[in-house]
Amino acid sequence: MTERIALVDVNNFYVSCERVFDPKLIGRPVVVLSNNDGCVVARSQEAKDLGITTGAPFFKVKQFIQSHGMAVRSSNYELYGDMSARVMEVLSRFGTWQEVYSIDESFIGVQGNPGQLGELATRIRSAVGRSVGVPVCVGVAPTKTLAKFANHVAKRNAHLDGVCSMDSMDPQVVGDIQSRVPVTDLWGVGARTGARLSGMGISTIADLKAADVTEIRKKFSVVLQRTVLELNGTPCIPHNEERADKQQIMYSRSFSNPVTTIEDMVEVMSIYAQRGAARLMSDGLWATLLTVTAGTSRFASGEASFPSITLKLPSPTQDPILLTRLAVGAMREIMHPGASYVRGGVVLSGLQPEPGQAAFGIFEEEMAETHVGDVLGAVKAKFGNKSIGLGSGGLAVEPGWSMKRDYSSPKFTTDWADIPVVKA
DNA sequence: TCTGGGGTCCTAGGACCC
DNA sequence: TCTGGGGTCCTAGGACCC
């Protein structure tokens with residue numbers, strides 16, 4: 001019995017989710033857009049083959065997309081979140097432990113001799129396909145970094161049928177592949193590090209694998225040192241089975257139209273602070289720090305302005321009234337009226353699971369405000385997010401800056417009104 | 001006209017303490 | 001006038017990931 005790590009991820013996750021509920025999209029080139037329909041965040045293989053790149057601004061490729069008959073969808077995160085939970089549940093049945101790494105990826109612990117590991121990978125792939133309907137690739141190896149690499153190999157070699165277990169591979173072949181794949185394709189090596197490595201004559205995975213660990217530690221960091229060790233088969237990246245406690249809650253969005261006035265920005269901050277407070281309450285967390293930010297476009301020629309300020313909260317809180325008041329007040333101070341802001345955000349950090357001991361003076365006030373928060377939360381849970389709000393957060397009409405979503409698919413799995421109807 | 005939205009971890013440097 | 005050194009905590013910023 002050998003202990004191994006499997007990295008399972010869904011191919012073109014968002015596109016695959018859309019296809020489950022709209023089979024007409026199968027075989028067609030499909031792209032999914034980011035919030036605000038700003039840029040391309042997911043592409044089907046057919047769209048990749050046509051040369052659409054991830055992160056491409058939609059307005060620049062729109063013509064090309066339409067002229068090639070590609071299907072376009074706005075992102076539907078409720079649907080993807082729900083599909084993700086289903087995939088993770090299936091994977092959990094196959095692992096001795098599981099670390100959910102992202103919305104479409106999970107590491108799981110697996111055991112067996114080389115032959116069994118390859119078969120297991122194939123069984124995982126068909127189980128997810130059968131019960132959720134999305135295609136996955138599986139990479140199996142002794143370390144996380146190598147499991148990621150094996151997954152990469154499975155994806156790029158059609159004859160492997162979506163699975164690659166390193167124990168069944170000829171070491172010579174592994175070496176050949178590693179000496180052809182650029183080091184920046186490796187998990188943990190980005191463009192910056194890649195450029196510096198290249199200056200040292202390290203350009204492929206094989207080069208990095210052969211590099212001197214102590215030199216790497218000195219010139220870079222323990223992060224890259226761990227990567228080198230993992231490439232050589234020594235596991236040194238720990239796995240977090242339990243979802244690490246969240247360190248921060250961020251609510252940040254681009255606007256469909258720029259915000260230039262204090263009144264509009266106050267409206268934005270008021271709503272974002274209340275969304276943040278709602279997430280604190282649903283996660284059972286209290287914040288001790290509040291950051292508000294805004295930014296002008298990096299692509300525009302007007303005044304550049306990136307105001308940002310962090311406030312220490314008087315005591316740990318999840319109170320929407322207090323957070324709204326502070327966020328609005330802080331933003332009034334730091335923004336430049338007249339600058340054309342295209343995004344804004346509220347970050348809650350210094351999170352803790354208990355309200356802790358409040359100073360006596362503010363304690364009573366806190367109590368009163370907490371009750372209001374409970375009431376707000378209850379009303380929203382029952383009647384939806386837009387049913388009630390504080391100050392300018394209680395908007396009956398969509399404001400001018402709210403998100404654009406012109407190509408939405410229905411909330412197939414999370415809204416009764418949108419559940420697909422089967423006619424037999 | 002239109003260019004995403006989250007997150008994590010590590011490191012260096014300053015403040016402060018004894 | 002002399003002007004150490006080690007430790008901790010906090011924060012900002014960099015790099016990376018999906």
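Biologist: How do you know what share of the contacts in chain A with a separation of 6 or more links residues 24 or more positions apart?

Modeller: A contact means heavy atoms within 4.5 Å, and when those pairs with a separation of 6 or more are taken in chain A, residues 24 or more positions apart account for 67% of them. This is a predicted model, in which local features need pLDDT of at least 70 and side-chain atom pairs count only at pLDDT 80 or more, while totals for chains, interfaces and linings use all residues, and side-chain values use heavy atoms without hydrogens and water. Residues are numbered from 1 along each chain as its sequence is written, and chains are lettered from A, and ligands numbered from 1, in the order in which they are written.

Biologist: What makes a stretch of chain A a helix or a strand, and how many of each are there?

Modeller: Both are DSSP runs numbered from the N terminus, a helix being H or I over at least four residues and a strand being E over at least two. By that rule, chain A comes to 14 helices and 12 strands.

Biologist: Where is Asn12, and why is this residue called partly exposed?

Modeller: Asn12 is placed in the loop between β1 (2–10) and α1 (13–21). Buried means under 20% relative accessible area, exposed means over 50%, and partly exposed is in between, with a 1.4 Å probe and the protein chains only. Asn12 has 21% relative accessibility, so this residue counts as partly exposed. Asn12 also has a positive phi of about 40°, although this residue is not a glycine.

Biologist: Which class does Asp161 fall into, buried or exposed, and what is its phi?

Modeller: The relative accessibility of Asp161 is 55%, and therefore Asp161 counts as exposed. This residue belongs to the loop between α6 (144–156) and β8 (163–165), and its phi, near 55°, is a positive value in a residue other than glycine.

Biologist: What share of chain A counts as buried?

Modeller: Among the 424 residues of chain A, 42% count as buried.

Biologist: How do you know on which side of α3 the buried residues lie?

Modeller: In helix α3 (residues 58–67) the buried residues are Phe58, Val61 and Ile65. They cover an arc of only 80° around the axis, so they are on the same side of α3; the arc is that of the directions from the helix axis to the C-beta atoms. Those buried residues pack against β2 (30–33), β3 (40–43) and β4 (71–74), whereas Phe59, Lys60, Gln63 and Ser67 are exposed on the other side. Just after α3, Gly69 takes a positive phi of about 65°.

Biologist: What makes the pair of Thr288 and Gly350 a polar contact?

Modeller: A polar contact is a pair of N or O atoms within 3.5 Å; within protein, one must be able to donate a hydrogen and the other to accept it, and residues adjacent in sequence count only if both atoms are side-chain atoms. A polar side-chain atom of Thr288 lies 2.9 Å from the backbone oxygen of Gly350, so the distance falls within that limit. Thr288 itself is found in strand β10 (residues 287–296).

Biologist: Which residues are closest to DNA strand B, and what makes a residue count as near?

Modeller: A residue is near a strand if one of its heavy atoms lies within 4 Å of it. DNA strand B is surrounded by 24 residues, of which the closest are Ser252, Arg253, Ser254, Arg279 and Arg343. A polar side-chain atom of Arg279 is 2.7 Å from a phosphate oxygen of this strand, and for Arg343 the corresponding distance is 2.5 Å. The largest share of the surface near DNA strand B, 7 residues, comes from β9.

Biologist: Which parts of DNA strand C come within 4 Å of the protein?

Modeller: Sugar or phosphate makes up 100% of the atoms of DNA strand C within 4 Å of the protein. An N or O atom in the side chain of Arg192 is 2.9 Å from a phosphate oxygen of DNA strand C, so this pair meets the distance limit for a polar contact. Helix α8 gives the largest share of the surface near this strand, 3 residues.
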